[in-house]
Amino acid sequence: MNNKIIKTLVLLFALSGTIHAQNQYIDANLGGGLHSLQFDPKIGDHSLGWGGRIGISYSYFFNEHWGAGAGLGLAYYQSKCTMNGLDQSLECDTVNDNENYLLKSYYSGWKERQEMLVCELPIGGYYQTSINNGWDFVGGAGFVLQLPVWSKYEVTGGSIKTEGYYLDQHLLVTDLPHHGFGTDEKRYEDRMETNIGIGVFAEAGARYWVKDNLALYGGLYGSYELTDAVDGHNPKLHDANGNYHGTLASNQVGKVSLASFGIKLGVTFLIEKQKRH
């Protein structure tokens, strides 16, 4: 599916370049607002995060109102989650004759923060119309290719108490650190395994022309990733060997999507204007 979308966008962009544009613009902008990694943990709560983006784009209009454009930018996303509750799974003790036991992990105020920096390549269609006295309305929508540049998770608080209940013996082991049972209060920190993503975006705002070839822009924007931003979702968050895998790579969550909604400000440069005959 991803390959089909990318091929379609490239084809549309190539075909549009053969059409003589009426107006061509370069926009430089920055924005900020809610920039969150969206997910739903099984035994915890998710908190939205704040972030921002900076970018530059080029657009060309085939007629007075309709055009297309592409851009390049960097966007920062973050989120937090707090885990409280019991996570248990059936495990096999390879040391003690492959005996089955229930691994019980009790999370108490376990806090983790996730961050991601993404290179974004939007391409879409745009509509503009003159309002009055130097004001224009501009709106657009399309697809965005999201390329992860940097990512990180960090545990900032809480504890995990691990117990083992051996079914055949009806034995509960609560404090045996060398066997993986006890209390863990380590502040884990590591990179995340991320994926290239494809999302959709939309924006709308107004331009005010302070000169014939220079305008100020202000508006709203939003985006949502259609694919999964993080690889994995298979291992237990805190496994039987005492390894911590990070919330987004564990079986605590399913799909993770980058989502944003905020305010964008910028400047627009008119680089070519064709008169209508």
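How many cavities of 30 Å³ or more does a search of the whole structure find? Let's work through this and a few further exercises on this predicted model.

**Exercise 1. Find the cavity and describe its lining.**

Step 1. The search of the whole structure gives one cavity of 30 Å³ or more. The space inside the largest cavity comes to about 530 Å³.

Step 2. Next, look at what surrounds this space. The lining of the largest cavity consists of 36 residues. Those nearest its centre are Asn29, Ser57, Tyr126, Glu203 and Lys264.

Step 3. Now trace the lining back to the strands. Those supplying at least two lining residues each include E1 (23-38), E4 (66-93), E5 (99-132) and E12 (257-273). Strand E3 (50-61) is also one of them, and E3 gives the largest share, with eight residues.

Step 4. Finally, sort the lining by class: 18 residues are nonpolar, twelve are polar and six are charged.

**Exercise 2. Place isoleucine 56 on the surface.**

Step 1. Start with its position: isoleucine 56 belongs to strand E3.

Step 2. Then check its accessibility. Isoleucine 56 counts as partly exposed because its relative accessibility is 46%, and partly exposed covers values between 20% and 50%.

Step 3. Now see its companions. Ile56 joins Ile26, Leu72, Leu121, Phe269 and Ile271 in a nonpolar surface patch of about 480 Å².

**Exercise 3. Follow the salt bridges.**

Step 1. Begin with the count, which is eight salt bridges.

Step 2. Take arginine 53 and glutamate 120, whose side chains form a salt bridge with an N to O distance of 2.7 Å. This pair connects distant parts of the chain, as arginine 53 sits in strand E3 and glutamate 120 in strand E5, 67 residues apart. Both arginine 53 and glutamate 120 are buried.

Step 3. Move on to glutamate 189 and lysine 152, a salt bridge in which the closest N and O atoms are 3.3 Å apart. Here too distant parts of the chain are linked: glutamate 189 lies in strand E9 (residues 189-190) and lysine 152 in strand E6, 37 residues apart.

**Exercise 4. Are glutamate 163 and lysine 161 buried or partly exposed?**

Step 1. The side chains of glutamate 163 and lysine 161 meet in a salt bridge, at 3.7 Å from N to O.

Step 2. Glutamate 163 has 8% relative accessibility, so it counts as buried. Lysine 161 has a relative accessible area of 40%, so it is partly exposed.

Step 3. One last link to trace: Lys152, Glu154 and Glu189 are joined into one network by salt bridges that share partners.

Notes
Residues are numbered from 1 along each chain as its sequence is written. This is a predicted model: local features need pLDDT of at least 70, side-chain atom pairs count only at pLDDT 80 or more; totals for chains, interfaces and linings use all residues. Side-chain values use heavy atoms; hydrogens and water are left out. On a 1 Å grid over the protein atoms alone, a cavity is a set of points where a 1.4 Å probe fits but cannot get out, and a pocket is an open set with protein on both sides within 12 Å along at least five of seven lines; lining residues have an atom within 4 Å of a point. Grid points are joined across faces, edges and corners, and a volume is the space filled by probe spheres set on the points. Helices (H or I, at least four residues) and strands (E, at least two) are DSSP runs, numbered from the N terminus. Ala, Val, Leu, Ile, Met, Phe, Trp, Tyr, Cys and Pro count as nonpolar, Asp, Glu, Lys and Arg as charged, and the others, Gly among them, as polar. Patches are made of residues with over 30% relative accessible area and no salt bridge: like charges are joined within 9 Å, nonpolar side chains (Val, Leu, Ile, Met, Phe, Trp, Tyr) within 5 Å. Accessible areas come from the Shrake-Rupley method with a 1.4 Å probe; for residues, only the protein chains shown count as cover. A salt bridge is a side-chain nitrogen of Lys or Arg within 4 Å of a carboxyl oxygen of Asp or Glu. Buried means under 20% relative accessible area, exposed over 50%, partly exposed in between (1.4 Å probe, protein chains only).
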